[in-house]
Amino acid sequence: REEVDQVRFLLAFVQQIVPYGSDFEKYGEERFYYPEETIMATTADCEDKAMLLAYLCREILGLKTVGLFFKEDEHLSLGLEIPGYNPPGSFGYHGKRYVSCEPTASYPTLTQSQFSLERVHQVIEF
């Protein structure tokens, strides 16, 4: 399969493996899961799903990722560096091109973000 199709497959896996759920609703506080914990959880929130996808993309496909932190929205999504893939909606960071994706969405669409990329407060290098 093409690398982009492999990324979409992993994105769909992360979106569907465990339903979205707020840590505050479940625990009354924020908790951070390791990728293995996310797969086994009954629900997971945005940073747990983003970290799982980052882990899978790095370990299986060897891709670099960055976290996209939306402070005002208390949300974390992901940017993926897919060499040779620069669709409309991709963005530059430190001389490299990234494609945004939303691990909490219900459909594996690349260049999708829950919020405008102009609202990114911090880019987190993994």
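Ile39 belongs to helix α3. The model is predicted. This briefing covers a nonpolar surface patch, a group of aromatic rings and a charge placed over a ring.

**Nonpolar surface patch**
- Ile39 has a relative accessible area of 34%, which makes the residue partly exposed because that value lies between the 20% limit for buried and the 50% limit for exposed.
- Together with Phe13, Ile17 and Met40, Ile39 makes a nonpolar patch of about 360 Å² on the surface.
- Two or more residues of the nonpolar patch come from α1 (3-17), and two or more come from α3 (35-40).

**Aromatic rings**
- The count of aromatic pairs is 3.
- In one of these pairs, Phe91 and Tyr98 are stacked, with 5.8 Å from centre to centre and 20° between the planes.
- Phe91 is buried, and Tyr98 is buried as well.
- Tyr98 also pairs with Tyr93: the ring centres are 6.4 Å apart and the planes stand at 65°, so this pair is edge-to-face.
- The edge-to-face label follows because 65° is over the cut-off of 60 degrees.
- Tyr93, like Tyr98, is buried.
- Through ring pairs, Phe91, Tyr93 and Tyr98 are linked into a cluster.

**Charge over a ring**
- Arg31 places its charged end over the ring of Tyr27.
- The distance from the charged end of Arg31 to the centre of the Tyr27 ring is 4.0 Å.

Methods. Residues are numbered from 1 along each chain as its sequence is written. This is a predicted model: local features need pLDDT of at least 70, side-chain atom pairs count only at pLDDT 80 or more; totals for chains, interfaces and linings use all residues. Side-chain values use heavy atoms; hydrogens and water are left out. Patches are made of residues with over 30% relative accessible area and no salt bridge: like charges are joined within 9 Å, nonpolar side chains (Val, Leu, Ile, Met, Phe, Trp, Tyr) within 5 Å. Accessible areas come from the Shrake-Rupley method with a 1.4 Å probe; for residues, only the protein chains shown count as cover. A salt bridge is a side-chain nitrogen of Lys or Arg within 4 Å of a carboxyl oxygen of Asp or Glu. Helices (H or I, at least four residues) and strands (E, at least two) are DSSP runs, numbered from the N terminus. Buried means under 20% relative accessible area, exposed over 50%, partly exposed in between (1.4 Å probe, protein chains only). Rings of Phe, Tyr and Trp (its six-membered ring) pair if their centres lie within 6.5 Å; planes under 30 degrees apart count as stacked, over 60 as edge-to-face and the rest as tilted. A charge sits over a ring if NZ of Lys or CZ of Arg is within 6 Å of the ring centre and within 35 degrees of the ring normal.
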